[in-house]
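Please walk me through this structure in the viewer, one selection at a time. I would like to know what to select next and what is there.

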Protein chains: 4
Amino acid sequence: MLIVLHHSASEKDVENIKKTITKMGLKPVAIPGAERTAIGVIGNQGWVDDAPLKGNKAIMEIIHVTKPYKLVSRDFHPRDSVVTLGGKVRVGGKSPFLMIAGPCAVESRQQLMKTAKFLKKAGVPVLRGGAYKPRTSPHSFQGLRESGLDLLDEVRKETGLLVVTEIVSPEHVELVAGKVDILQIGARNMQNFDLLTEVGRTRKPVILKRGLSATVEEWLGSAEYILFNGNPDVVLCERGIRTFETATRNTADLAIIPLVRKMSHLPVIFDPSHATGKRNLVGPAALASVVVGAHGAMIEVHPDPEHALSDGPQSLRFKEFEKLLARVRGLSAFSRQKLF
Amino acid sequence: MLIVLHHSASEKDVENIKKTITKMGLKPVAIPGAERTAIGVIGNQGWVDDAPLKGNKAIMEIIHVTKPYKLVSRDFHPRDSVVTLGGKVRVGGKSPFLMIAGPCAVESRQQLMKTAKFLKKAGVPVLRGGAYKPRTSPHSFQGLRESGLDLLDEVRKETGLLVVTEIVSPEHVELVAGKVDILQIGARNMQNFDLLTEVGRTRKPVILKRGLSATVEEWLGSAEYILFNGNPDVVLCERGIRTFETATRNTADLAIIPLVRKMSHLPVIFDPSHATGKRNLVGPAALASVVVGAHGAMIEVHPDPEHALSDGPQSLRFKEFEKLLARVRGLSAFSRQKLF
Amino acid sequence: MLIVLHHSASEKDVENIKKTITKMGLKPVAIPGAERTAIGVIGNQGWVDDAPLKGNKAIMEIIHVTKPYKLVSRDFHPRDSVVTLGGKVRVGGKSPFLMIAGPCAVESRQQLMKTAKFLKKAGVPVLRGGAYKPRTSPHSFQGLRESGLDLLDEVRKETGLLVVTEIVSPEHVELVAGKVDILQIGARNMQNFDLLTEVGRTRKPVILKRGLSATVEEWLGSAEYILFNGNPDVVLCERGIRTFETATRNTADLAIIPLVRKMSHLPVIFDPSHATGKRNLVGPAALASVVVGAHGAMIEVHPDPEHALSDGPQSLRFKEFEKLLARVRGLSAFSRQKLF
Amino acid sequence: MLIVLHHSASEKDVENIKKTITKMGLKPVAIPGAERTAIGVIGNQGWVDDAPLKGNKAIMEIIHVTKPYKLVSRDFHPRDSVVTLGGKVRVGGKSPFLMIAGPCAVESRQQLMKTAKFLKKAGVPVLRGGAYKPRTSPHSFQGLRESGLDLLDEVRKETGLLVVTEIVSPEHVELVAGKVDILQIGARNMQNFDLLTEVGRTRKPVILKRGLSATVEEWLGSAEYILFNGNPDVVLCERGIRTFETATRNTADLAIIPLVRKMSHLPVIFDPSHATGKRNLVGPAALASVVVGAHGAMIEVHPDPEHALSDGPQSLRFKEFEKLLARVRGLSAFSRQKLF
């Protein structure tokens, strides 16, 4: 249950309402950073009888919510949220289609700098690169870890690009948040609730990937953890789901993008590299995301995919990426004029 | 194994090669309607030693195939196939993006005629409408069956629209093929091999929908049955697959479209109505199919979706369809100039 | 809607009720072979107002049904159905655990007879063997077809074993029903509704396999087609579903067996060969089916699996089958005494 | 690659081999706690040329491994591992079928103590109970957390039962390991590699649940992380996978149990409560796990399921559990005599 207050509500009104809720055997929760003054009510199993709150003049509206999420829903925040990255790049709403690109993993200073300079020149504002790599086997390359973070930090200082990297443990939040502009929660950690809570306590924007077998409801529930802990700057990222079909690495669930946009006010981007797993499908899938209404795309690009330490087969070469970038820009301009 | 002959090969050469194959314990199959004179070899389990055929001057090339399909593959027919519908409308290759529209089920003369006239005016060349409806329960509306076919026949004569309808039994082939221009094999019958064989013996174009849980390989294997039985005019139709996600009726597997186009020369269209199951997602999904390279789309439209006997929630109203049609046309024109 | 009548209801009562239903715009259907005199009502979309029937003294109970099935449900037929095969072997209820075994495909007289004699000696009452093989590719072995049927007929006459074979087309029903004792509908044809209707018109028992991606509700809906067309002798067969996991051929959905037994009165058997696809998992899965309450199992056995034309890797050798048979019998006896 | 040494190999031999591996550009890893002296080799992408190691007399065998796991495989450790819990209860190999039971979540001292006393009397050696509950929504009950741990600690001291609880963050490892006997990694954290690494550094036994959409290979890869970090005491727990079927909460993948037992030497138990999600299916599924060769089962039981704060519908009442326990014991005794 969400209790939305009139702008005129006083501190004392808020205290009174909280006391009433406590007497009802429930727990009031102040909802931080929202555009309306509101109190969330938790601790209920199912429907709550709101009689004790009816008639309170400070209350504008009582919203009964049976979904696992409240703060991320359109019910609570009807207009598109726009998230500002690194103080300068905007994603969501009517902002330009955001391109994020870079290698799967940070492998070396040279590999990263070469890619960064290429992207800088191409006008791509955000560099991606994994320092901590979650890998199925402990015997696989696990990323350069701390030294990978240092390289990312160095490159962003030198090029002025914003940098996003995956964070895999609540213990790393402070360290990682000090070195990059945007935190990424990967598919395998989408329901790592302690990690979600921890990044919810920072003020860094978070890209939240959908889990391999997460329903849309579960995905929004995970985003809710971040907002609920105080961080409103969440960008959802569809990256394909696991199905019976093995002809592609995952199944790109593109139709879910307009659905999520109806359910939530958060920006939604798309990762065609993991969604398809095949270099020659990345382009078509990226273009599709533009016309279904994604706010951006995150694409793997590598100076030398044949020798990449991970995800080589789905990484674009520089020339391929340039060609795709031009198409995405053209299609995005066309879509805004003619489709949306 | 496919044995491709030189154009100079004589009847006698062909007979000799067939005899050699038979001696090898295998079965030669003449491959009908292909652009190259070729003999298929079947009956093998795994790899075949082609030594007895080596050196034969009539043979241009021996192609070893380990996939479940040969005739539908790009290996065998490198260029895009173009299928002509009803002697006048073309789909595949560089042909214009094909729109097929109409109600899920034929319900009445009035419903069908009203829809047909609307589509005619809008410039849509093909009307869809189910006379035989495969339904989970025998207690659900099963379609008007024979009288539905008669209505379709009447409408195509009156409007000049081409008509496609689903066929559900080998016993109906002659009847249905006499009343409509295009036969549709539904998702539930994708591996009804007797039905595939039967429609393979007609000369009517066939729209072959992907099964709910069919892999791309199985789908192409089913198309192979139709070509193998003599009918080269197959149009593949992606319509969503069954996954764990229930927020949409099915999961639209859009990335598979460019993949299938690389594997096969057959035209591929998309059904956004069944793939999403939600009216407000049909448009975005249809637009996405344009940019991933589909050759057309099949969309459910109904004069009064609230009272449709089936699939109401995913059927577009006339006005909605008109708006989508304009967008698809604009996007298609743009894509051909700028993307492909 | 089901209308259950008192035993005292007369022919005239039945006629009157049917007239009332017709006036309500719906269609009355006599429900054949049931333990209660009942009239089914079809043609409705959603809830039916039963006011016109209320107060009719011949009516004992009106059951509103919103599921896709009525006749197969426990609501309608509370006690376990027992199906008699070939006039002598019973499956369902408290009948002994039924073993069905044999090769995937009928390959030769020798192969079939050898297997049949082995099974006869082992006390297995039903032989399975495919004459028509639904195969992904038209280039794979399609079964011996008519001559395979003749071999099955010959073997059943010579050995006295009952025989079950898959039927793949409505056109074959008369032919196949004349040669074997039990008809099997395979997973790929579970929603081939014309085929279901046709076998529903025979008096041969039908083994109905669950489709690769069929929900329990859809499976029961398919069984409903057979009962609705007059044939009450349906045996359900779980054979694994298609999931993301490829370590086994399918995923054996064993927990569904007790669930289906609660929903429906029909006997349920299990096919561990297709469910697992691996010889060394067939035994454990078969044993599991005994303790979850399956009424029988259908197992692939072959005199020489290494040279089988299909499904060799999942076929048991004679010795392996004998060992499993002894275990199944022991476990079944134990279960009946101690578990059920 | 695994290098297995002769028992006669000296410290110096080991050092020499490590140097050779380093020169090959790879990394040698001592394999702790194994029954054979061995050196693992990591850092390779694909096949390694072992020529530099050939002929070394200290080496008994070189095992090339291409799977994501080495230490958990039968190749490396052919015999069943037996894990000792709390210094007194054994699971795996020929140890008695292990029963673990208790509420989904620790709710109160009374609820926990009542359950513990019941289990103690029934002879169940291990109590389960969640202190930290991973929940889809931040608005759902998250568990009593630290105070839940204290209750578990109190109850184990008072009753002498062993206690297992889920751990959700690497930061909690020290705290949780001090209060309970066994750590559980839940399905959502199966690929939380930092957590796996951290529990790998303790000496507490770990129950590792399979992820909702994890393949067997990925599951074993996760177990490998724990062993690789020094903790050999891992018990695998199958708990159902996510599929298209929603009639059960998950799909119990029982056939995977004998498969995993062939692939790995680790004990495997089964959680029928989460696998089915329905009280009346828990019993049949638990019995099935006995006959497929599981080493134990973990079952949710609650003094008052109707008022449970989570998982009420799948929790057994005390009487139901008692009845099931007697059956499991009877079946287990029978199976050991007659089936295995």
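Start with chains A and B of this predicted model. Chain A is superposed on chain B by a rotation of 180° with 0.0 Å of shift along its axis, and the RMSD is 0.1 Å. The two copies are thus related as by a two-fold rotation axis. To find that axis from the side of chain A, select A:Ala288: its C-alpha is the nearest in the chain, 2.3 Å from the axis. Of the interface residues of chain A, 100% are also interface residues in chain B, so the copies meet through the same surface.

**Helix H9 in chains A and B**

Keep A:Ala288 selected and extend the selection to helix H9 of chain A, residues 279-292, then add helix H9 of chain B, residues 279-291. The axes of H9(A) and H9(B) come within 8 Å and cross at roughly 150°. Angles over 145 degrees count as roughly antiparallel, and H9(A) and H9(B) are therefore roughly antiparallel to each other. The crossing in which H9(A) passes H9(B) is right-handed.

Now show the side chains. On the H9(A) side, select A:Leu287, A:Ala288, A:Val291 and A:Val292; they meet B:Pro284, B:Leu287, B:Ala288 and B:Val291 in H9(B). Sorted by class, this contact has eight nonpolar residues, no polar ones and no charged ones.

**Chains D and A**

Next, hide chain B and show chain D beside chain A. A turn of 179° with a shift of 0.1 Å along the axis lays chain D on chain A, with an RMSD of 0.2 Å. To locate this rotation axis, select D:Ser213, which comes closest to it of the residues of chain D, at 3.0 Å for the C-alpha. Here too the interface residues can be compared: 100% of those of chain D are also interface residues in chain A, so the copies meet through the same surface.

**The barrel of chain A**

Show chain A alone and colour its strands. Which strands close into a barrel, and in what order? There are eight strands in the barrel of chain A, in the order S7-S8-S9-S10-S11-S12-S13-S14, and the pairing is parallel. From one strand to the next, the twist averages 25°.

For one pair in detail, select strand S11, residues 206-209, and strand S12, residues 234-238, of chain A: four bridges join them, and they run parallel. Within this pair, pick A:Lys209; its bridge partner in S12(A) is A:Cys237.

Two helices packed on the sheet come next. H2(A) touches strand S7 (98-102) and strand S8 (126-128) of chain A, and its direction makes about 150° with that of S8(A). Helix H5 of chain A, residues 193-200, touches strand S10 (182-185) and S11 of chain A, with a direction at about 165° to that of S10(A).

**Helices H2 and H3 of chain A**

Stay on helix H2 of chain A, residues 109-122, and add helix H3 of chain A, residues 146-159. Their axes come within 10 Å and cross at roughly 35°. The crossing of H2(A) and H3(A) is right-handed. Among the contact residues of H2(A) are A:Leu112, A:Met113 and A:Ala116, and those of H3(A) include A:Leu151, A:Leu152 and A:Val155. By class, the residues of the contact of H2(A) with H3(A) divide into six nonpolar, one polar and five charged.

**Chain C**

Switch to chain C and look for its barrel. Eight strands of chain C close into it in the order S7-S8-S9-S10-S11-S12-S13-S14, with parallel pairing. Select strand S13, residues 268-270, and strand S14, residues 296-300, of chain C; these run parallel and are joined by two bridges. In this pair, C:Ile269 stands opposite C:Gly296 in S14(C).

**Helices H5 and H6 of chain D**

The last stop is chain D. Select helix H5, residues 193-200, and helix H6, residues 216-228, of chain D, which pack at an angle of about 40° with their axes 7 Å apart. H5(D) and H6(D) are therefore oblique to each other. H5(D) passes H6(D) in a right-handed crossing. Show D:Phe193, D:Leu196, D:Thr197, D:Val199 and D:Gly200 in H5(D), which meet D:Ser222, D:Tyr225 and D:Ile226 in H6(D). The contact of H5(D) with H6(D) has five nonpolar, three polar and no charged residues.

Note on methods. Residues numbered from 1 in each chain as written. Chains lettered and ligands numbered in written order. Predicted model: local features only at pLDDT ≥ 70, side-chain atom pairs only at ≥ 80, totals over all residues. Heavy atoms only, no water. Axes fitted to C-alpha atoms, helices over the stretch in contact; angles between N-to-C directions. Parallel < 35°, antiparallel > 145°, perpendicular 65-115°, else oblique. Left-handed = near helix turned anticlockwise from the far one by under 90°. Contact = heavy atoms within 4.5 Å. Nonpolar A, V, L, I, M, F, W, Y, C, P; charged D, E, K, R; others polar. Least-squares fit on C-alpha atoms with pLDDT ≥ 70 in both. Pairing = 2+ DSSP bridges.
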